[in-house]
Amino acid sequence: MMSVLKAKNLKKSFGDLCVLRDISFEVEKGEVVAVIGPSGGGKSTLLRSLIDLEKIDGGSIWIDGDPLVENGIYCKPAKIAAATAKTGMVFQHFNLFPHLTVRKNLELAPKLVKKQDSKITADDCTRYLNKVGLSEKANSYPRELSGGQKQRVAIARALMMHPDILLFDEPTSALDPELTVEVLDTMKQLARDSMTMIVVTHEMSFAREVANKVIFMDQGVILEEGPPEQIFSNPTQPRTKEFLNSILKGQ
Amino acid sequence: MDFSVMFQQLCKGSLVTMQLFIIVLPLSLILGILVMLGARCSIKPIRWFFEFYIYILRGTPLLLQMLILFYGLYYIPGIGPHLVITSRSFACTLAFTLNYAAYFAEIFRGGLLAVDPGQYEASKVLGLSKSQMYLHVVFPQMFRVALPSTANETITLVKDTSLIFALGIEELLQNATNIVNSQATFVPYIFAAIFYLVLTTIPSVIFKKLEKKFDF
């Protein structure tokens, strides 16, 4: 089976600080990958490099077999655009467009980028708002929504571009605990629909229940990866044990 | 002096004022956006040019800029005589547009800084091109932030039009002064004040409406 996303030997430094040291992994179609680990371990940088929000210094990234960067050399802008067009992203702080209604937030990119027919776009919009349970908010502005609702709109907005893989950068970290549930439920539903996802998260229960694969990252290195049962019940690395102990005590 | 004659004179003056205002406002707003983009350009010489432009135009009086444009171009060695502007009203319009563009550029720059960096990232991951991003995502938010300052500057523009008397153009205040001097009465100044108030009220009402509309 061809992997949806393949990263090989990724390297990245900010000045003297090395944030990614030789990171390699693959994501199969329909797989949910949870990336966990302490803050500052390079999780977000890794995720952002996969959609070209950060430039890596070395290594290769392929999305659906199309290269974004090979051996540290980036492709031409048109090829980069083609590769990243198959990828969607959901941010920690939602990044909805505040001057547009929910409906217009969803419809902007399909109309401008894909020049998609407005009837099809409107149908998609209704469908995805239904999916995240917010069809009654189509004409609301982002400021009228709760944090959880904003994040669900952001997920629907990402789905509008029909990505082959969806990246989540700590999607619940900016939310009150009682609002994280609705966002996690939406993500679980996406997982059931076989959406391929990479989720950087501190929600261990989500990683445990929903992910097919868990990647533990620390100091720019993948220390351990495997199915959630193995990582959570039988971690081989002392650093993983230490991290899980400290975080599970807190939750 | 007949009241209706005075009124007529003041109306004529305010027409000149309004003409200048109506031409300068849109031109300087558009030029202001271009100057702002220029001053943020990643190509250094272009950025330096527009930063220098803002520095000069904001750092010297508008009145002086008008005088230099009309009387001073001639003295530029070599090309000076070819640059001379013979129309007084054109010199005024040009000076006002160049000057106000510098101010609007700074106002827009402030508005741009207020746009959350996450907005650029969201636009990028959705595949928007640079121009689509600025047109549909960044500028609308920039304008909202810039709206109150733009309103301020617009009202100042109405009042600044009185400066064009310096090139001998008979605008509202100049016409009032003429009557005050010839008729030995202060009344025209009171009426001029009322005229200015009416002229500044219109843009302030429009901007208040815009602020409400763009309250997102």
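Buried is taken here as under 20% relative accessible area, exposed as over 50%, and partly exposed as in between, with a 1.4 Å probe and protein chains only. The model is predicted, so that local features need pLDDT of at least 70 and side-chain atom pairs count only at pLDDT 80 or more, while totals for chains, interfaces and linings use all residues. Residues are numbered from 1 along each chain as its sequence is written, chains are lettered from A in the order in which they are written, and side-chain values use heavy atoms, with hydrogens and water left out.

**Exercise 1. Classify Cys41(B) and Cys75(A) by burial, then state the disulfide count.**

Cys41(B) has a relative accessibility of 19% and therefore counts as buried. Cys75(A), at a relative accessible area of 17%, is buried as well. With a disulfide defined as a pair of cysteine sulfur atoms within 2.5 Å, the count over all chains is zero.

**Exercise 2. Describe the burial of helix α1 of chain A and the residue that follows this helix.**

Helices are DSSP runs of H or I with at least four residues, numbered from the N terminus. In α1(A), residues 43-50, seven of the eight residues are buried, among them Leu46(A), Leu47(A) and Leu50(A), together with Lys43(A) and Arg48(A). Asp52(A), which follows α1(A), has a positive phi near 65°.

**Exercise 3. Determine how α7(B) and α9(B) are oriented, and which residues join them.**

Axes are lines fitted to C-alpha atoms, for helices over the stretch in contact, and angles run from 0 to 180 degrees between N-to-C directions. Helix α7(B), residues 130-160, and helix α9(B), residues 187-213, pack at about 165° with their axes 9 Å apart. Angles under 35 degrees count as roughly parallel, over 145 as roughly antiparallel, 65 to 115 as roughly perpendicular and the rest as oblique, and α7(B) and α9(B) are therefore roughly antiparallel. Contact means heavy atoms within 4.5 Å; the residues that meet include Leu147(B) and Ile155(B) in α7(B), and Leu199(B) and Phe207(B) in α9(B). The residues of this contact divide into ten nonpolar, four polar and two charged.

**Exercise 4. Work out the orientation of α1(B) to α2(B) and the make-up of their contact.**

The axes of α1(B), residues 3-39, and α2(B), residues 44-59, come within 7 Å and cross at roughly 130°. That angle makes α1(B) oblique to α2(B). Among the residues in contact are Leu31(B) and Val35(B) of α1(B), with Phe50(B) and Ile54(B) of α2(B). The contact residues divide into seven nonpolar, one polar and two charged, where Ala, Val, Leu, Ile, Met, Phe, Trp, Tyr, Cys and Pro count as nonpolar, Asp, Glu, Lys and Arg as charged, and the others, Gly among them, as polar.

Notes:
Helices (H or I, at least four residues) and strands (E, at least two) are DSSP runs, numbered from the N terminus.
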